[in-house]
Amino acid sequence: MCEAAGDDGGCGADTAPARRRRAPAHSHPRPCVKCGQGSAALVIRLGDAFCRGCFREYFVHKFRAMLGKNRVIFPGEKVLLALSGGPASSAMLRQVQEGLSRETAKRLRFVPGLIYVDEGAVRGQSAAQREQSLARMETLLQATGFPYHLAHLEQALELPASILRPGPGGSGEPGPSYKEAVEGFIQQQRQERDRDSGTSLPGQDMPPAAPRLPAAARTQELLRLFEAVETSTAREELLQMLRTHLILQTARTRGYAKVMTGESCTRVAIKLLTNLALGRGAFLAVDTGFVDNRHGDVMVVRPMREYMAKEIAFYNHFFDIPTVIAPPLPTKRREKPSIHRLMERFLLGLQEDFPSTISTVYRTGEKLSPAPAKASSESQRCLLCLCALDIAGEEELALEPTLIMEEPEPAGDGCCQDAPAAGAESRAAFIPLLCYSCRLTFKELGPLATLPPYVRAEAQRRIRRAEMNQQSQEVPLEDEEPGKS
Amino acid sequence: SKISVVHCFYFRGGAELLFDGVKKHQVTLPCQPEPWDIRNLLKWIKQNLLKERPELFMQGESVRPGILVLINDADWELMGELDYKLQDQDNVHFISTLHGG
């Protein structure tokens, strides 16, 4: 933190960050600062001791205020809640349940659906452990009475290339993605019918996907993809990307216009600095803001972003919120921890002694707003993260080192030895399609053959399109030489 | 005469992974001349309960940043943190808030 004494040291903070004061060991139980009556159960913010009852009110009010202030969820709208089984998204689910059941005037009025993505394969869980986690999650989801979807990360390997293209924004006739959405939906219905889904509850919109694990070959393919990644940082980014695309696809094909994710304030602050370190400085607002609109037709919303991880943990403890904790992504032996883990360790360590750390980072992030959306055409969007390509003109010179790639993929790719086709399969051809940080991640991914088909398909499509555009620009106006194309 | 005291220790939020996946531990702490404050309790836990990777649970003489401590369902910040002296039947929850949610 800024040690500059005196007045505003340029960062808008107090003169010196408040150091944590430890309560003496024999102090009597403190009264609640809010009601003065109940005995305090926890300390939040910078020393406010709340009793259980007042804390609950504070917690519930914050959720309503968050949605009320931002006004992006319309009554009757279908909202997909992305649940990881972790504390924050579980608390989010409870807030939605409570909000919907309140008396009429203050009731939340949207239509929730739930999705849980089983990532057990890449998190090092055995088949038995995955089945157990899935069973516990399904029980949890069923108990809510809302329609729910169970997905496996393996299904990301079957995504259509269209998921990497922003859908048409706003209401009205869906554009060219409509056909793919319908095809995707039919495909999914077919898959569900093929499985034994005898757990369908009456009153649900659609049959839940069976909790059985995907085919072993699929799991192997997914594991090959992850194992080929060279760094733990790139692996974390890949996991987030696949999960996001999978959730988005479910939202698109099932008609959800909004997705709610459970990132807490703590998680948002960590993500802000992590993404800065990853080279995503231009996209911090969409990566961490309340609204993430990069996909056009489906809006991602982060209603938990003002809750500290501590508040969520206490709330879940006091009010028996069920969770299903997944093990973290394993790091290989002797592998350096990811930037994500390092940043978490850094911020949480600092927070111990300076309890305004997380909120200061968060508040700084609040001052960022997304750039106006001028990059609407897909050729100006990053292939992987769908943000505006932040590379232009002379700046490319500074990035020369990142453009130096290994030779094109060897002949193992098949019949791609012909000159025009080989270009499409070389790693170097991907680079112009990616933003700065996705280029860095991409460099650390495994061979092209391990990448999910939808990524390669969409990349090839854009490469060919760019080639065609370039060729059409090279055609001279008058035919000077016969036979020259 | 020294009375041995019984406690329940809980590890949640992912912390249980460091304790063989076992969330609840019912423990009778051995009699000793030093008081059983949280500081000494943590030393004891590290030696007797922790199965792997102590650096993921502790940092120095305290818990790792990101791990919450609740004494009888109250924030340990209200009770004196490491200096709190355990009473008979006290239960302590260790809740991890690290990676995920």
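Two strands are taken as paired if DSSP finds at least two bridges between them. In the predicted model described here, strand 5 (residues 67–71) and strand 6 of chain B satisfy this criterion, pairing in the antiparallel sense over 2 bridges. Within this pair, B:Leu70 stands opposite B:Asp75 of strand 6. Helix 9 of chain A packs on the sheet and touches strand 5, strand 6 and strand 7 (91–96) of chain B. The direction of helix 9 of chain A makes about 40 degrees with that of strand 5 of chain B.

The sheet of chain B is open and consists of 5 strands in the order 2-1-7-5-6, with mixed pairing. Strand 2 and strand 6 (74–75) of chain B stand at the edges with a single partner strand each, so one side of each has no neighbour in the sheet. The partner of strand 2 (residues 24–28) is strand 1 (residues 6–12) of chain B, to which strand 2 is joined by 5 bridges in an antiparallel arrangement. Here B:Tyr10 stands opposite B:Lys24 in strand 2. In a regular strand, side chains alternate between the two faces of the sheet. Strand 2 of chain B has a covered face made up of B:His25 and B:Val27, whereas B:Lys24, B:Gln26 and B:Thr28 form the uncovered face. Helix 1 (residues 38–48) of chain B lies across strand 1, strand 2, strand 5 and strand 7 of chain B, and runs at about 65 degrees to strand 7.

In chain A, the secondary structure comprises 17 helices and 8 strands. Of the 485 residues in chain A, 48% are buried. Among contacts in chain A with a separation of 6 or more, 73% involve residues 24 or more positions apart.

Helix 10 of chain A contains 15 residues and spans 22 Å from its first C-alpha to its last, close to the expected 21 Å. The buried residues of helix 10 are A:His340, A:Arg341, A:Met343, A:Glu344, A:Leu347, A:Leu348 and A:Gln351. Viewed down the helix axis, these buried residues fall within an arc of 160 degrees and therefore line one face of helix 10. An α-helix has 3.6 residues a turn, so residues three or four places apart point the same way. The elements covering the buried residues of helix 10 include helix 6 (232–254), helix 7 and helix 11 (357–366) of chain A.

Salt bridges number 31 over all chains. Side chains of opposite charge can pair when their charged atoms come close. One of these bridges involves a residue of helix 10: A:Glu344 pairs with A:Arg267, with the closest N and O atoms 3.2 Å apart. Because A:Glu344 lies in helix 10 (residues 339–353) and A:Arg267 in helix 7 (residues 265–277) of chain A, the bridge ties together parts 77 residues apart in sequence. A:Glu344 is buried at 3% relative accessibility, whereas A:Arg267 is partly exposed at 22%.

A further salt bridge joins the side chains of A:Glu311 and A:Lys62, with an N to O distance of 3.3 Å. This pair links distant parts of chain A, with A:Glu311 in helix 9 (residues 309–318) and A:Lys62 in helix 1 (residues 52–70), 249 residues apart. A:Glu311 is buried, with a relative accessible area of 3%, and A:Lys62 also counts as buried, at 15%. Helix 9 of chain A, which carries A:Glu311, is the helix that packs on the sheet of chain B.

In chain B, B:Arg39 forms a salt bridge with B:Asp37, the closest N and O atoms being 3.8 Å apart. B:Arg39 is partly exposed at 21% relative accessibility, while B:Asp37 is buried at 9%. Salt bridges also form a network in chain A that links A:Glu263, A:Lys271, A:Arg280, A:Asp287, A:Asp292, A:Arg294 and A:Arg302.

Another acidic residue, A:Glu119, is located in the loop between strand 4 (111–118) and helix 3 (127–144) of chain A. A:Glu119 counts as buried because its relative accessibility is 7%, and the limit for a buried residue is under 20%. Leaving aside neighbours within four places in sequence, A:Glu119 is in contact with A:Leu153, A:Leu239 and A:Arg243. The C-alpha atoms of A:Glu119 and A:Glu306 are separated by 26 Å, and these residues are 187 positions apart along the chain.

Conventions. Residues are numbered from 1 along each chain as its sequence is written. Chains are lettered from A and ligands numbered from 1 in the order in which they are written. This is a predicted model: local features need pLDDT of at least 70, side-chain atom pairs count only at pLDDT 80 or more; totals for chains, interfaces and linings use all residues. Side-chain values use heavy atoms; hydrogens and water are left out. A salt bridge is a side-chain nitrogen of Lys or Arg within 4 Å of a carboxyl oxygen of Asp or Glu. Helices (H or I, at least four residues) and strands (E, at least two) are DSSP runs, numbered from the N terminus. Buried means under 20% relative accessible area, exposed over 50%, partly exposed in between (1.4 Å probe, protein chains only). The expected span of a helix is 1.5 Å times one less than its number of residues. The arc is that of the directions from the helix axis to the C-beta atoms. Contact means heavy atoms within 4.5 Å. Axes are lines fitted to C-alpha atoms, for helices over the stretch in contact, and angles run from 0 to 180 degrees between N-to-C directions.
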